[in-house]
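Please examine the sequence and the model shown below. The paragraphs that follow lead through the fold step by step.

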Amino acid sequence: MTAAPALPAMLEANLARAAALVNDPAPVSVAASEPLYLGIDLGTSDVVTMAVDAQGVPVAVCLEWADVVRDGVVLAFFEAVQIVRAQVREIEAKLGRRFTHAATSFPPGTDPRISANVIEAAGLSVSAIIDEPSAVASLLGIERGAVVDIGGGTTGVALIENGQVVYSGDEATGGTHVTLVIAGALRKSIADAEAFKRERGHEAWGIVRPVFEKMSDIVDQHLKGHAPVDTLYLSGGSCALPGVRELFAQAFPAASVILPQNCLYLTPLAIAATARGQQ
Ligand SMILES: Nc1ncnc2c1ncn2[C@@H]1O[C@H](COP(=O)(O)OP(=O)(O)OP(=O)(O)O)[C@@H](O)[C@H]1O
Ligand SMILES: [Mg+2]
């Protein structure tokens, strides 16, 4: 069996570092002269604030599962602002630094001002604002390929040519639907189904596979009519379920399917990376 195609080791190491740092209250020692940059990802399932150094290596990460944003629309503005403020304060305390600026993002096709309003109401200036697949494409140095982001609320697909997003679309099937299917099949509460999905993904795969087949159909429909891509990059927390990469590899046999090990942190890392050199 040939090894699955992978991201550069440095990127995987940065993602692993983000995962190891998440919500760790221990103080972090960074030289005072080291510039640090902040990125804030307002997702459907979670809000992630990440600080990176000048090399793009994560130094502090806060994640809160929160239902405050849906597909680029802020459902609970005040709560979203409170979460961002608390995360920034926590990161500042950990690093012994003050942040005045942060980069943020928006799903393609939505209004960038929505995320910017939250960041500004939390007391920060927006140093950069970028659509999510463009941030990922820039971090991964994708010249041509497709980025498939399976988050909490949606499956998004973006086609990249010459490093630019030339097409994007998304549909409302994401991790929340995966959880609902588990809850229904195993007669569990939503919270228990969510925990089962994250902790016992292998056991959940047989139940949720049809949801991912639908997601791969969504991607196929969106990519139809465009020149075929030879690389498909998976992103978003829902891709962490064992079986997702293989399913996409079978559905797109002509493409290399690349799945980072800590896919939950790819978009937040990409957003924080865009903050570098912007302030
Ligand atoms: N280990 C795991 N196994 C399976 N699913 C997971 C795992 N960890 C997180 N998830 C799922 O990933 C989803 C969150 O991913 P992500 O943070 O990428 O979404 P988001 O950015 O909040 O949503 P969106 O991009 O749709 O706005 C949730 O549905 C969560 O249940
Ligand atoms: Mg997301």
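Helix α3, formed by residues 112–121, lies across β1, β6 (101–106) and β7. The direction of α3 makes about 150° with that of β6. This arrangement, like everything described here, belongs to a predicted model. The strands that α3 crosses are part of an open sheet of five strands with mixed pairing, in the order β3-β2-β1-β6-β7. The edges of this sheet are β3 (58–65) and β7 (125–131), each of which pairs on one side only. From one strand to the next, the twist averages 20°.

Within this sheet, β1 (residues 36–42) and β2 (residues 46–53) run antiparallel and are joined by seven bridges. One of the residues concerned is I40, whose bridge partner in β2 is T49. A further helix, α1 (residues 9–21), lies across β2 and β3. Helix α1 runs at about 60° to β3.

A second sheet can be followed in a similar way. Five strands form this open sheet, in the order β10-β9-β8-β11-β12, and the pairing is again mixed. Its edges are occupied by β10 (164–171) and β12 (256–258); each has a single partner strand, so one side of each is left without a neighbour in the sheet. Neighbouring strands are turned by 20° against each other on average, direction ignored. At one end of the strand order, β11 (residues 231–235) pairs with β12 in the parallel sense, over three bridges. In this pairing, Y233 stands opposite I258 in β12.

Two helices pack on this second sheet. Helix α4 (residues 132–140) touches β8 (144–150), β9 (155–161), β10 and β11. The direction of α4 makes about 125° with that of β8. Helix α8 (residues 244–251) touches β11 and β12, and its direction makes about 155° with that of β11.

How is the chain divided into domains? Domain 1 comprises 9–130 + 265–274, and domain 2 comprises 136–261. Their centres, taken over C-alpha atoms, are separated by 23 Å. Across the boundary, 18 residues of domain 1 are in contact with 21 residues of domain 2. On the side of domain 1 that touches domain 2, α1 and α9 (266–274) each supply at least two residues. The largest share of that side, six residues, comes from α9. By class, the side of domain 1 that touches domain 2 has nine nonpolar, six polar and three charged residues.

Attention may now turn to the ligand. Ligand 1 is surrounded by 22 residues, the closest being G43, T44, G151, G175 and G237. Both domains take part in this shell, since domain 1 and domain 2 each contribute at least three residues. Among the secondary structure elements, α5 (175–186) and α6 (190–199) each supply at least two residues of the shell. The largest share, three residues, comes from α6. Sorted by class, the shell around ligand 1 has three nonpolar, 14 polar and five charged residues.

Finally, the chain may be considered as a whole. Its secondary structure comes to nine helices and twelve strands. Along its principal axes, the C-alpha trace spans about 50 × 45 × 35 Å. Why does the radius of gyration agree with that of a compact globule? For 279 residues, a compact globule would have a radius of gyration near 19 Å, and the chain has 18 Å, which agrees.

Note on methods. Residues numbered from 1 in each chain as written. Chains lettered and ligands numbered in written order. Predicted model: local features only at pLDDT ≥ 70, side-chain atom pairs only at ≥ 80, totals over all residues. Near = placed C-beta within 6 Å. Helix = DSSP H or I, 4+ residues; strand = E, 2+ residues; numbered from the N terminus. Nonpolar A, V, L, I, M, F, W, Y, C, P; charged D, E, K, R; others polar. Domains from an automatic or database assignment. Pairing = 2+ DSSP bridges. Axes fitted to C-alpha atoms, helices over the stretch in contact; angles between N-to-C directions. Contact = placed C-beta atoms within 7 Å. Rg over C-alpha atoms; globule rule 2.2 N^0.38 Å.
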